[in-house]
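Okay, thanks for coming, everyone. I'd like to walk you through one structure today, starting with its empty spaces and then moving on to sheets and backbone. Let's put it on the screen.

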Amino acid sequence: MSMQILILLLLWASRVTETTTDAWRQCTELLPLDLLSFVLERDTSRVVPGARVKQAAGARGVQFLSPDASMSFPASQLLVNCDLFPKEFSIVVTVKVNRFAPKRDEYIFSLMGPSNVETVALEEKEDEQPPRTKETKRDEKHAGIILGLKLSQNSLHFVFNGHRKAAEHWNFQGIRLTPNQWHTLVLVVGVHRRKLTVDCNPPLESVPSRAFPSDLNIQASRFHIGSRGRWKGLFSGLMRQLVLVPNSDASNQLCPSSDPRLAALSVPPLLLDLPVRRRQNEIHDTSSGAAGRPSVGAERPCSELLRGQLWFNPLKKGLYVCDGSAWITVLEDHKRLDYVLEQQVLTTSSETHDVEVFQIQGIGLMAAMAHRSSASGSAVYLWTNLGFRLYQNISTNGALSWKHFQIGKKAYLVVSNSGTETNKSVDKQSESDFSVIYKWSKRRKRFVRFQTLQTYCARDWEAFNINEQTYLAVANHRMGNNNHTINSVIYKWNRSTKSFEVHQTLVTSGAYDWEFFKVGPYHFLVVANAFDGVTTSLDSVIYVWIDGKFQVFQTIKTFCATDWEMFQIGSRVFLVVANGHRLQGNGPSQYTINSTIYELDMSGRIFVRFQDIVTYSAVDWEFFSLGEEYFLVVANSYNGESYSLNSILYRWQGYEGFVPVHWLPTIGCSDWEFFSSNGESFLIYSSAKAPLSKVFKLKTY
């Protein structure tokens, strides 16, 4: 009988364990996570404390001066919505090591559990305690380490919590990293294998006696880059890249490589492209008889005598070849984003929901800001050498957005007024719920009131042209306090009466944004539906223009959709949605959710999911390009606890999709706008929670 009871207890314990593990969320479907960029790029105007950038052996790297708190961050900021470390992954690291002292370990990175504080306190008293056995000391040493990667003399050590939280060590010995030289290591961890590749050489591969755990809990853990959170074990060399690649063998992406010691998967922009310094005797102005060497300097005529001659233009940073009559481009440098610098902090009269940047001929670059306060109204700013300066105040009532458009040579602005009353009835329309179109007066050099249109808590205006006709679409958010499923309106410009008239109505649910775009001969309009009075889980709708009207083309499930942004990369067409939060009935809101990029499948004539990106109550996306690079920046507004968040700039990486490259500190970010002036590029963001906006300068090289 006692044996049967024991078996039943064991079976019960096994089921409890399985149920608990299933309740934890596994980290799956993650993109490569650039750990080094995450700590370096949080403030792109300076190098983070505790680190400095150094040049060595033809490349830049980071030297760690101390285990500063800026080199640490909660794992939940990158490993979002999951509790268990990926079961399969790769770690890519490029380092330049110094000579190691015997018996010295240096951490490339560590993932520390919440017990780290107590562990460190114990370790710092090591010298005061009586000698202990080797096993006791080892267990105490790694009590707070969930996972870590460290180097010692001719060895790489991978440490993690194994079965019953006992520290496991995978040692790769004899890897022979040459001091003062760069090396790229790729550690691949699978369910039943481990593999280490050094500088794209044949890998060291083996089957471990114990597999990597599938239930490695990372709740409340923190990443420490270059250390384990204390001085002992601080990495003394230089680090150039550190990337965690979930569910993938990254060695296949890196190798073979033309420069295996510096094989790159994702290097922080701060460390890219070290300028080449040439000695004076290395620069030659090559004559026609030395066609093997490129000439350098001012352009000279290309003739038959110079056929095959290479010429390097230092001004354009381009390489050209003479075909006998003209210089043909071989390589030409394009603008690339280096870092982001705070250019201007613009104090505004109120919190700002939206900013619209546009040009007025003969005046210059302007920005219209939709201020929350009805008392101060909204404002138009003019761009000067010192940044944006106040140009004109315009009376508005709870302004939510501006849209600039042109009809012929005449410029207009339309504002979305939401009103300031909190208890509007469905039947009574307040004066403040009339949105207003303003026209630019060349004589007065001001925007003057032109036409009013009845709207219902209008969130957005979109202007577009189809067949030489001008249209305006308004996103009516709600009528009164509770009626969200109402008509949004398409207006058409009447050339005879010189005014906008209703052309079509479309039923929307808490409409937040319209986006118009064109693909070939087809015209599309997509609405962001945010809320129907019960839930934020709604279908947003893409419409296509057929026979003079918009008709439903496709519906896409969204979660409090607040913005759509269409963009093209080459011949590929994309739509990205900003999802605000999940809400169902009286349940709690979830603000940390995926926003999604969709790509148009030309053959299937449908938008399909391309990439999910974790956002924090996102309210806007902005797409732009610099040279041949493409970027998206998201407006993260709230994470459930704070409005002070990093809004993130993503760069297009081809098959990898968009990857984060810069973290920009914002407060209640409500909108991003990209603009250029005098050959320089800028981003401006508006804050819905503070009376300020910020301009960032995009430094290129």
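**Between two domains, then out to the sheets**

So, the place I want to start is the lining of the largest cavity, which takes at least three residues from domain 1 (33–115 + 143–271) and at least three from domain 3 (337–420 + 431–700). Before I go on: this is a predicted model, so keep that in mind throughout.

How many cavities of 30 Å³ or more does a search of the whole structure find? Two. The largest has a volume of about 40 Å³. Around it you'll find P32, D34, V243, S266, E656, V659 and P660. By character, that lining splits into four nonpolar residues, one polar and two charged.

Now for a pocket. The second largest pocket holds about 1400 Å³ of space. It has 50 lining residues, and if you want to find its centre on the screen, go to Q77, V80, T592, V614 and Y616, which are the closest to it. Here too the lining draws at least three residues from each of domain 1 (33–115 + 143–271) and domain 3 (337–420 + 431–700).

Which strand gives the largest share of that lining? That's β39, with seven residues. Other strands that each supply at least two residues include β1 (33–34), β35 (549–559), β37 (572–579) and β38 (592–601). Further along the chain, β42 (644–652) and β43 (658–667) each supply at least two as well. In terms of chemistry, the pocket lining has 25 nonpolar residues, 17 polar and eight charged.

One residue I'd like you to click on is V619, in strand β40 (residues 618–626). Its C-alpha sits 6.1 Å from that of D563, and those two residues are 56 apart along the chain. If you skip the neighbours within four places in sequence, V619 is in contact with T562, D563, A578, A635, S637, C669 and S670.

Okay, sheets. First up is an open, antiparallel one with four strands, in the order β28-β29-β30-β31. Why do β28 (458–466) and β31 (499–509) each have one side without a neighbour in the sheet? Because they stand at the edges, each with a single partner strand. On average, neighbouring strands here are turned by 20 degrees against each other, ignoring direction.

Let's go through the pairings. β28 and strand β29 (residues 469–476) run antiparallel and are joined by eight bridges. You can check the register at A463, which stands opposite L472 in β29. On the other pairing, strand β30 (residues 485–494) and β31 share 10 bridges, again in the antiparallel sense. There, S488 has L506 in β31 as its bridge partner. β30 and β31 make a hairpin with four residues between them, and in that turn K498 has a positive phi of about 55 degrees.

The next open sheet has six strands, in the order β4-β13-β6-β7-β8-β9, and its pairing is antiparallel. Its edges are β4 (72–74) and β9 (167–173); each has a single partner strand, so one side of each is left without a neighbour in the sheet. The twist from one strand to the next averages 10 degrees. Inside that sheet, six bridges pair strand β7 (residues 145–152) with strand β8 (residues 155–161), antiparallel. L147 is a handy marker, with F160 in β8 as its bridge partner.

There's also a hairpin made by β2 and β3, with two residues between them. Strand β2 (residues 51–56) and strand β3 (residues 59–64) run antiparallel, with six bridges joining them. K54 stands opposite G61 in β3. In the turn, A57 has a positive phi of about 50 degrees.

That leads into the backbone oddities. Most residues other than glycine have a negative phi, and most peptide bonds are trans. Where does A220 lie? In the loop between β12 (204–206) and β13 (222–225). A220 isn't a glycine, yet its phi is positive, about 60 degrees.

And then there's a cis peptide bond, joining C255 and P256, with omega at about 0 degrees. You'll find P256 in the loop between α5 (251–254) and β15 (295–296).

That's my tour. Happy to rotate back to anything you'd like to see again.

Notes: Residues are numbered from 1 along each chain as its sequence is written. This is a predicted model: local features need pLDDT of at least 70, side-chain atom pairs count only at pLDDT 80 or more; totals for chains, interfaces and linings use all residues. Side-chain values use heavy atoms; hydrogens and water are left out. On a 1 Å grid over the protein atoms alone, a cavity is a set of points where a 1.4 Å probe fits but cannot get out, and a pocket is an open set with protein on both sides within 12 Å along at least five of seven lines; lining residues have an atom within 4 Å of a point. Grid points are joined across faces, edges and corners, and a volume is the space filled by probe spheres set on the points. Ala, Val, Leu, Ile, Met, Phe, Trp, Tyr, Cys and Pro count as nonpolar, Asp, Glu, Lys and Arg as charged, and the others, Gly among them, as polar. Domain bounds come from an automatic or database domain assignment. Contact means heavy atoms within 4.5 Å. Two strands pair if DSSP finds at least two bridges between them. Axes are lines fitted to C-alpha atoms, for helices over the stretch in contact, and angles run from 0 to 180 degrees between N-to-C directions.
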